[in-house]
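Biologist: Please show me the model, and then let us go through the terms one at a time.
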Amino acid sequence: MAEKPRLTTTTLWDFPSQQYGNEQQGSQHYAGATPAYIIWNLLQRYTKVKDLVVDPMAGSGTTLDVARDLDRRALGYDLNITRRDIYRCDARTLPLEDGKADFVFVDPPYSTHIRYSDDPRCIGKLVASDDAYYQAMALVIAEIDRILKPGRHMALYVSDSYVKGDGFYPIGFELFAQMRQHFEPVEIISVVRRNKKLDRGNWRKAAEEGNFFLRGFNYLFIMQKPAVPRVRAARAQIQDQAPPIRPAPPATKRPATRRKYGARGPRKRR
Ligand SMILES: C[S@@+](CC[C@H](N)C(=O)[O-])C[C@H]1O[C@@H](n2cnc3c(N)ncnc32)[C@H](O)[C@@H]1O
């Protein structure tokens, strides 16, 4: 039986399985399913009962199941529909009004390692070596900013990518830089990848002989949307730092004598 979750207190997370307890959260058979423990930890810390939790790339619905387990409301979107409570739409254009979500979790595709669907809009069809992937993710992140309430949190779970013969792509840092344009960083967590393939002899051998590394962890970036919009906050800061602007004295006309001889008038001749 899977262990019941506990609040994790360090920045290194390692969970025994994709699911916790006796209920199901998402599906462990869905390629790339998020460990339910991650979402449980995030919702415990950053949401309260009845809050609205949104996942714009919900996959098998792990976020929805954990949210409901904790009495939060949940909304999920994806292009690949696995169940009836997930709505088909592109994460770049969500059918949700501005500032509705109390928390957003997203576990996006990272490059083309997994085939999720044949939908041409699937971001999992874009390689990490191509700018198109980062442009697509910039739109997803901007959309998350739009639907999130000011002052609330979002989290993005992602891995870097190494493609043999092609090279290393630090997707985590690239997406972190994109998120910094919208949000304040709260924490960066390393989550141990429990990918059984990593232990396979042929993978080990390939990594040793090819002098590359197998991906042992995923990033979990936790970010907060500023309570005051960035532009307004920046303007207020500039106004605070600038010296006070003194109003110019009113233009008065000095008497003719003062102008010609100074304040005391003409000097007397001795
Ligand atoms: C890593 S999986 C998410 C797994 C999910 N958190 C779970 O636990 O099952 C990434 C998901 O992104 C979806 N996806 C890819 N491009 C998308 C897009 N443009 N809009 C919405 N969803 C997209 C894929 O269909 C896939 O289900």
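Modeller: Two strands pair if DSSP finds at least two bridges between them. Keep in mind that this is a predicted model.

Biologist: What makes β2 and β3 a pair?
Modeller: Strand β2 (residues 52-55) and strand β3 (residues 73-78) are joined over 4 bridges, in the parallel sense. At least two bridges are needed, so the two strands count as paired. In one of the bridges, L52 has R73 in β3 as its partner.

Biologist: Why are β1 and β4 said to stand at the edges?
Modeller: The open sheet has 8 strands in the order β1-β9-β10-β6-β5-β2-β3-β4, with mixed pairing. β1 (12-13) and β4 (86-88) each have a single partner strand, so one side of each is without a neighbour in the sheet.

Biologist: Why are α1 and α2 called oblique to each other?
Modeller: Helix α1 (residues 36-46) packs against helix α2 (residues 62-69) at an angle of about 45°, and their axes are 9 Å apart. Roughly parallel needs an angle under 35 degrees, and roughly perpendicular needs 65 to 115. The angle of α1 to α2 fits neither, so the two helices are oblique. The crossing of α1 past α2 is right-handed.

Biologist: Which residues meet there?
Modeller: A36, I39, W40 and L43 of α1 meet T62, T63, V66 and A67 of α2. By class, this contact has 6 nonpolar, 2 polar and no charged residues.

Biologist: Where does α2 lie, and at what angle to β3 does α2 run?
Modeller: α2 lies across β2, β3 and β5 (101-106), and runs at about 175° to β3. Angles over 145 count as roughly antiparallel, so α2 is roughly antiparallel to β3.

Terms used
Residues are numbered from 1 along each chain as its sequence is written. This is a predicted model: local features need pLDDT of at least 70, side-chain atom pairs count only at pLDDT 80 or more; totals for chains, interfaces and linings use all residues. Axes are lines fitted to C-alpha atoms, for helices over the stretch in contact, and angles run from 0 to 180 degrees between N-to-C directions. A crossing is left-handed if the near helix is turned anticlockwise from the far one by less than a right angle, and right-handed if clockwise. Two residues are in contact if their C-beta atoms, placed from the backbone, lie within 7 Å. Ala, Val, Leu, Ile, Met, Phe, Trp, Tyr, Cys and Pro count as nonpolar, Asp, Glu, Lys and Arg as charged, and the others, Gly among them, as polar.
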